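Biologist: Please take one part of this model apart for me: ring-on-ring packing, and what sits around it. Don't spare the geometry.

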Amino acid sequence: SRSRPRRDHVPSIPSVDSQSASLTMGVDIVGSKKAIVIVDPISTGAQVASGASDRGYAVIRLWSSDCPPELRGHTSSVARDVFSHTLEHVGGSATEVLEVTAQALLALPYAIEAILCGSEPGVNLSDALSFHMGLRGNGTALAHVRRNKFNQSEAVRDTGMRAVRQVLAKSVAEAAAFLPQLGSDVASFRAIVKPVESAGSEDVKLCVSHAEVFAHLTAVLGTRNALGQDNDAVLVQEFLLGVEYIVDCVTKDGVHKCCAVWAYDKRPVNGAPFIYFGQRPLSVADPIVRKVIVYTLGVLDALGISNGATHSEMIVDAATGEPCLVECNCRTHGGNGEWVPVVEALLGYSQVSALLDAFLHPAAFDALPAEPQPLRGSGMLVFLPNYRAGKLLAAPGLELLQGLRSHARSALEVHIGSDIVKTINVFTELGIAVLLHELAEVVEADYKLLHELCAAPNFLVMEGDSAEVASNDAKPVAEEAAIEVLAA
């Protein structure tokens, strides 16, 4: 057997001054317990809840009518149950309906300090309820813009900024009337067809013909997406060719602060065009990154973002060098918050801690830089696509992955013994890995090797595999290359 490699040069996660300064803020001067409400605290919302609890606040979980039961367990394997109470909001945003929920919250033995959005389904209710209860938020005047991707791009266009050419189609006829705007060259035709309210690349398709547009539009219309929303209309947009960026911000009273900028690595897998493979945090020293940040802040103004977290995605057009909005998600960066350790190690804080500062410790938020400072090393969040379908018996390849020099954390997001499907969107990824190291070349080499390991036929043991595979005697095809890299 070979010896395990050293895991030196992994940046430690620094303490965050703004967090430590806030730890005692959950009790006011007369001793009454303070609380925050988190609407639909799934994905990264669970980490927001843990952060608030660590600061001494009671945390109330509020389910919205937009969050389906099957989505409510969508959290990281390390998520903690920190909730003092769980309530359910029944209905929409009519005043009398909001008042019922407000009274239920006020009846609890706490002083409600803030209402935060925990995930995409909670965007509408968190805005409406915070406005109804007179708490910090975005108000409701532009609520119809913030959740709807079509309305977002139109609001951006109205300011004079670059926006994607698009149509919100409820029929094939409406899509057909729009497609000539994308050009007449049949050989070069490209269009994106996707739900207007979803996440995680669900049902996003790159179409290369009018017929393909019509077929996918017909397939999506009338279905219900993973966020529990009915697909009553479908977005048909121009295909933007270029690098896709993520910009994570937190806003307080109209002051925007950029907490991180990332570049996506998406690739075609299993017949799906845009599967997440990884995301890299970027330095603001790059002029393109600065241009992306400036554009994003203009988007936030156009959408009426005055308080809270936003996770914006945009593509820098390869032909013009100009950013163009893909979508702005009016909540924290998703992915179950698995990215948080990366930015905490490299920057000393994250969008999660900045969000809590903005609502619970304004002075700490004010002290944060307007944009992320130089990175203290290199890191990545890696997604593990699954290439096989069936009953999962074991994942022997995961141990080899954990020997990489930059490996900091990895986890399966599926259960041994369960039936799994091939990855077609973020909801069907096999798992994640976090890579951290002071040297970028180490992270990049490990990232390449990690995906070779993940794609190897023996990374997983599935029901029906040969006895040799099931006994774990077979080695992944990339193991010899792995040993060479790990020994370097």
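Modeller: Sure, rule first: rings of Phe, Tyr and Trp (its six-membered ring) make a pair if their centres lie within 6.5 Å, and planes under 30 degrees apart are called stacked, over 60 edge-to-face, and the rest tilted. Apply that and you get three aromatic pairs. One of them joins Trp 262 and Trp 339: the ring centres are 6.4 Å apart and the planes stand at 85°, so this pair is edge-to-face. Trp 262 belongs to strand β10 (residues 255–269), while Trp 339 is in the loop between β13 (323–329) and α10 (340–347), so the contact ties together parts that are 77 residues apart in sequence. Those element names are DSSP runs numbered from the N terminus (helices H or I, at least four residues; strands E, at least two). Both Trp 262 and Trp 339 are buried, meaning under 20% relative accessible area, with exposed over 50% and partly exposed in between (1.4 Å probe, protein chains only).

Before going on, two caveats. This is a predicted model: local features need pLDDT of at least 70 and side-chain atom pairs count only at pLDDT 80 or more, whereas totals for chains, interfaces and linings use all residues. Residues are numbered from 1 along each chain as its sequence is written, and side-chain values use heavy atoms, leaving out hydrogens and water.

Next up is Tyr 276 with Phe 383, an aromatic pair that comes out tilted, at 5.5 Å centre to centre and 55° between the planes. Here too, distant parts of the chain are linked: Tyr 276 is in strand β11 (residues 272–281) and Phe 383 in strand β14 (residues 378–384), 107 residues apart. Neither side of this pair is out in the open: Tyr 276 has a relative accessible area of 7%, so it is buried, and Phe 383, at 6%, counts as buried too. Add Tyr 264 to Tyr 276 and Phe 383 and you have one aromatic cluster.

Tyr 264 also brings a charge into the story. Lys 266 lies over the face of Tyr 264, at 4.5 Å from the ring centre. The test for that is NZ of Lys or CZ of Arg within 6 Å of the ring centre and within 35 degrees of the ring normal. Lys 257 does likewise over the face of Phe 365, with 5.0 Å to the ring centre.

Now for the sulfurs. There are zero disulfides in the structure, taking a disulfide as a pair of cysteine sulfur atoms within 2.5 Å. Cys 258 is in no disulfide, and the nearest cysteine sulfur, on Cys 249, is 4.6 Å away. With a relative accessible area of 1%, Cys 258 is buried. Cys 324 is buried as well, at 0% relative accessibility.

Back to the loop that holds Trp 339. Asn 336 lies there too, between β13 and α10, and its phi is near 60°, positive in a residue other than glycine. Most residues other than glycine have a negative phi. At 3% relative accessibility Asn 336 counts as buried. Asn 270 makes a good contrast: this residue, not a glycine either, has a positive phi of about 55° and lies in the loop between β10 and β11. But Asn 270 is partly exposed, with 32% relative accessible area.

Follow the chain on from Trp 339 and you reach α10, which is mostly covered, with seven of its eight residues buried. The buried ones in α10 are Val 340, Val 342, Val 343, Glu 344, Ala 345, Leu 346 and Leu 347, so to speak a mixed bag with one Glu in it. Just after α10, Gly 348 takes a positive phi of about 95°.

Zooming out for scale: the protein has 16 helices and 19 strands, and buried residues make up 55% of its 488 residues. Of the contacts (heavy atoms within 4.5 Å) between residues at least 6 apart in sequence, 69% join residues at least 24 apart. Trp 262 with Trp 339, 77 residues apart, and Tyr 276 with Phe 383, 107 residues apart, are two ring pairs to keep in mind when you look at that figure.
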